Amino acid sequence: MPLYHDDDQAMLADTASQFMAEEGSIKKQLRHWRDRDCKDGFGHGLWEQMGELGFTGILLDEDDGGLGMGHVEAGIVLEEIGRNLTPSPFLTTSVLAATALKHGSDDLKQRYLPGVVSGKAVYAVAIDEGTKHNPARIKTKAEKSGNGFKLSGQKDFVVHGASSDMLVVAARTSGSDDDADGITLFAVPRDAAGMSHDAVRLVDSSVATHTKFDGVELDGDAVIGEVDGGREILNRVLNAGRIGAAAEGVGVARGAMDMTVDYLKQRKQFGKPIGEFQALQHRAAHLYSEVEIARAVVIKAQQLLDAANENGGSEKAELMVSVAKAKVAKTAGLAVREGVQMHGGIGMTDEYDIGLYMKRDRALQEFLGDAYYHANRVAELSGY
Amino acid sequence: MSDLEAFREETRQWLEANCPPEMRQPVRDEEDVYWGGRNASFKSDAQKAWFDACVAKGYTVPAWPKEYGGAGLSAPEAKILRQEMSRISARPPLSSFGIWMLGPALLHFGTEGQKQRFLNEIARGEIRWCQGYSEPGSGSDLVSMQTFGEDRGDHWVVNGQKIWTSYADEADWIFCLVRTDKENKYQGITFMLFDMAGGGVTTKPILLISGNSPFCETFFDDVAVPKSYGDDCPGYVGEINRGWDVAKYLLGHEREMISGAGGGDRTAAIGAAMLRHSGELDPLLRAELAMFDVDALAYSAMGEKFLDEVKVGKAHPAQPNMMKYAGTELNKRRHELMMSAGGSRALEWESEETGGGKPSRNWLRTKANSIEGGTSEVMLNVISKRILDLPGA
């Protein structure tokens with residue numbers, strides 16, 4: 001498959017680009033909700049509009065009301081989200097939770113998928129424990145209790161946790177903290193007794209929670225997939241979320257770069273546009289080169305992941321997802337740092353948007369593993 | 001089965017039957033490369049058998065039309081052949097500046113007579129070409145070149161000097177930029193083709209920091225260059241005084257080639273190999289190798305994407321400059337890390353264990369990657385101007 005968008009994908013990109021630029025703009029969404037100290041950090045109206053366009057169910061099967069598309073298409077939407085810094089529960093709901101629910105029972109699908117399709121529901125995933133992403137270690141416990149389970153422990157960096165109608169929680173049902181096996185995924189409803197959220201606003205104005213589970217009673221039908229067999233589903237959820245975050249990161253990088261290159265053409269000092277100075281030209285050209293490479297590896301990983309999902313997984317796809325996540329983290333980081341520096345003083349002001357790119361990039365880098373985590377994973381998967 | 005799947009199957013079978021096991025190993029060094037030419041000799045029977053099989057099948061230049069010695073493969077077929085060759089680590093049967101540089105120029109600008117003659121000679125490995133571009137005073141600023149061809153009716157008399165002519169001392173013919181109008185900077189250069197054995201040409205290898213001499217100084221002392229080699233076969237490509245158009249076109253190809261856009265060793269990850277080689281890795285070195293592998297694997301995806309886009313005309317015309325910049329900087333980093341992982345063994349200059357100092361010589365050789373074919377700095381200038389549209393660039 002060639003590494004560029006086909007005609008249908010290009011059309012989707014046009015639609016998504018136009019929609020996000022108009023409805024999802026920084027002014028209409030990010031600044032609007034931030035300046036009103038919105039407890040969700042995003043607007044439900046936009047989320048429902050995304051449902052009307054079909055975006056929210058992009059990864060879901062057509063039988064479930066979705067578009068039946070893959071990670072390339074989800075990435076197209078995410079790249080535009082990144083470009084416009086559009087706050088929305090797309091990544092946690094339509095990519096992460098939706099991927100988990102695809103492996104759920106018919107009952108779970110009937111209960112939770114219509115809300116994804118319509119854009120009326122918000123879901124989150126609770127994976128991390130502690131300040132750094134390390135899904136190999138899961139301490140949160142779910143013990144057998146009657147016909148169901150009793151969930152205890154704490155999850156961190158649960159993005160949109162307090163706004164969610166349901167949380168996908170990765171918990172240990174057997175074995176010890178670092179075992180690969182013995183993990184089970186649960187769909188925990190918003191009103192579950194014993195679940196409490198400590199909501200915190202993050203640097204990028206999104207809201208995440210430290211979520212405590214204090215003996216939360218769950219029915220057996222809250223299990224997604226098989227008891228003790230959650231690791232494989234979790235890996236799929238992680239792959240989907242990581243490549244999704246990478247696609248969004250490419251959007252952030254491109255948004256920051258475009259804004260900066262425009263500024264180089266407008267800002268005059270010493271009687272000429274600062275873009276005439278070779279010291280800045282070469283840095284901008286280097287950045288362009290890195291962003292192009294990041295885009296290429298993201299589409300490569302998306303295609304591999306889509307092919308792997310049809311054929312039941314592939315090591316190459318796993319590897320390239322981590323390559324993409326690491327490469328994008330480094331590249332978008334470069335884009336926003338160069339962006340702020342080349343904007344000079346106004347780059348430091350809240351009034352100017354470039355700083356918002358820097359903040360979003362930082363949160364995205366951390367989400368589901370930073371460049372160090374994924375470069376280390378590349379080394380491990382490569383055998384060193 | 002689709003036509004392409006059938007082609008893949010057929011190609012696998014053909015490679016299985018025709019590519020000897022000795023030719024299914026990565027190229028280790030210069031001696032493993034077959035360049036062709038009047039004075040060429042094969043290093044082994046296997047090398048000859050593989051070359052002969054490819055010539056017969058048109059696989060020395062698979063994408064060229066059949067009448068010019070190629071196999072007439074479509075772009076997707078050529079990609080499949082590359083993938084299948086790379087799957088078994090098959091070596092290129094023939095390497096040459098004729099294939100990489102002159103061929104593409106002739107396919108684009110050449111007359112039918114030139115294509116019939118020169119392309120077939122290249123495809124069969126009969127003539128080894130070299131490239132005469134740079135001069136001592138004209139490196140990055142190539143268009144300032146001075147080598148002059150004086151018009152004598154049916155021929156020119158060429159005087160001057162070229163430098164960094166790759167393997168000029170082993171080449172048969174040269175494609176050479178010669179000034180034919182001193183008044184016109186850009187429209188006063190002709191892209192000439194001539195035999196280096198015809199008299200007046202001397203070459204002098206340049207000893208590099210690697211201890212090797214892949215480049216020469218090439219001197220022209222009253223060299224007679226015919227304006228025609230027969231019917232429909234001019235001694236120059238394109239039009240007289242419009243050689244700069246051809247040169248620019250070719251520089252694009254050179255940049256693609258140097259960038260390693262086609263994949264292979266130059267874009268591969270190295271961490272695992274370094275561990276196998278060294279037994280253990282310092283944790284900080286391991287971390288740098290991991291970061292390098294991320295960049296290398298990402299760049300290999302870029303190479304693939306670039307080639308896919310070139311095929312359908314989606315690539316930005318200046319994108320080869322970006323590929324060249326990123327690819328060569330990556331390759332220099334690769335060799336820095338290989339030297340670090342290799343430790344004191346990698347410092348050995350002549351030992352048998354290092355194949356005559358390969359690690360250090362190759363490391364030093366890579367320093368030219370970001371100089372030859374347009375420096376990294378020039379590449380960044382071009383990206384600034386043509387892609388980012390920055391002012392005054």
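**Domain and chain contacts in the predicted model**

Within chain A, 20 residues of domain 1 are in contact with 15 residues of domain 2. This comes from a predicted model, as does everything that follows. On the domain 1 side, three helices of chain A each put in at least two residues: α2 (26–35), α5 (90–101) and α6 (106–118). Of these, α5(A) gives the most, with five residues. Sorted by class, the domain 1 side that touches domain 2 comes out as ten nonpolar, six polar and four charged residues. As for where the pieces sit along the chain, domain 1 of chain A runs over 7–121, domain 2 over 125–228 and domain 3 over 231–382. The C-alpha centres of domain 1 and domain 2 of chain A are 23 Å apart.

Next comes the contact between the two chains. Here 34 residues of chain A are in contact with 33 residues of chain B. The side of chain A that touches chain B draws at least two residues from each of α7 (230–266), α8 (278–311), α9 (315–343) and α11 (371–382) of chain A. The largest share of that side belongs to α8(A), which brings 14 residues. By class, the chain A side that touches chain B has 21 nonpolar residues, along with eight polar and five charged ones.

One helix pair across the chains can be followed down to its residues. α9(A) packs against α8(B) at an angle of about 105°, and their axes are 9 Å apart. Angles from 65 to 115 degrees count as roughly perpendicular, so that is how α9(A) and α8(B) are placed relative to each other. From α9(A), the residues taking part are Met320(A), Val323(A), Ala326(A) and Lys327(A), and they meet Val294(B), Asp295(B), Leu297(B) and Ala298(B) of α8(B). Six residues in this contact are nonpolar, two are charged and no polar ones turn up. The spacing of such residues fits a general point about helices: with 3.6 residues a turn in an α-helix, residues three or four places apart point the same way.

The chain B partner in this pair, α8(B), covers residues 283–311, which makes 29 residues. From first C-alpha to last, α8(B) reaches 42 Å, close to the 42 Å expected at 1.5 Å a residue. Just after α8(B), Gly313(B) takes a positive phi of about 70°.

Conventions:
Residues are numbered from 1 along each chain as its sequence is written. Chains are lettered from A and ligands numbered from 1 in the order in which they are written. This is a predicted model: local features need pLDDT of at least 70, side-chain atom pairs count only at pLDDT 80 or more; totals for chains, interfaces and linings use all residues. Helices (H or I, at least four residues) and strands (E, at least two) are DSSP runs, numbered from the N terminus. The expected span of a helix is 1.5 Å times one less than its number of residues. Two residues are in contact if their C-beta atoms, placed from the backbone, lie within 7 Å. Ala, Val, Leu, Ile, Met, Phe, Trp, Tyr, Cys and Pro count as nonpolar, Asp, Glu, Lys and Arg as charged, and the others, Gly among them, as polar. Domain bounds come from an automatic or database domain assignment. Axes are lines fitted to C-alpha atoms, for helices over the stretch in contact, and angles run from 0 to 180 degrees between N-to-C directions. Angles under 35 degrees count as roughly parallel, over 145 as roughly antiparallel, 65 to 115 as roughly perpendicular and the rest as oblique.
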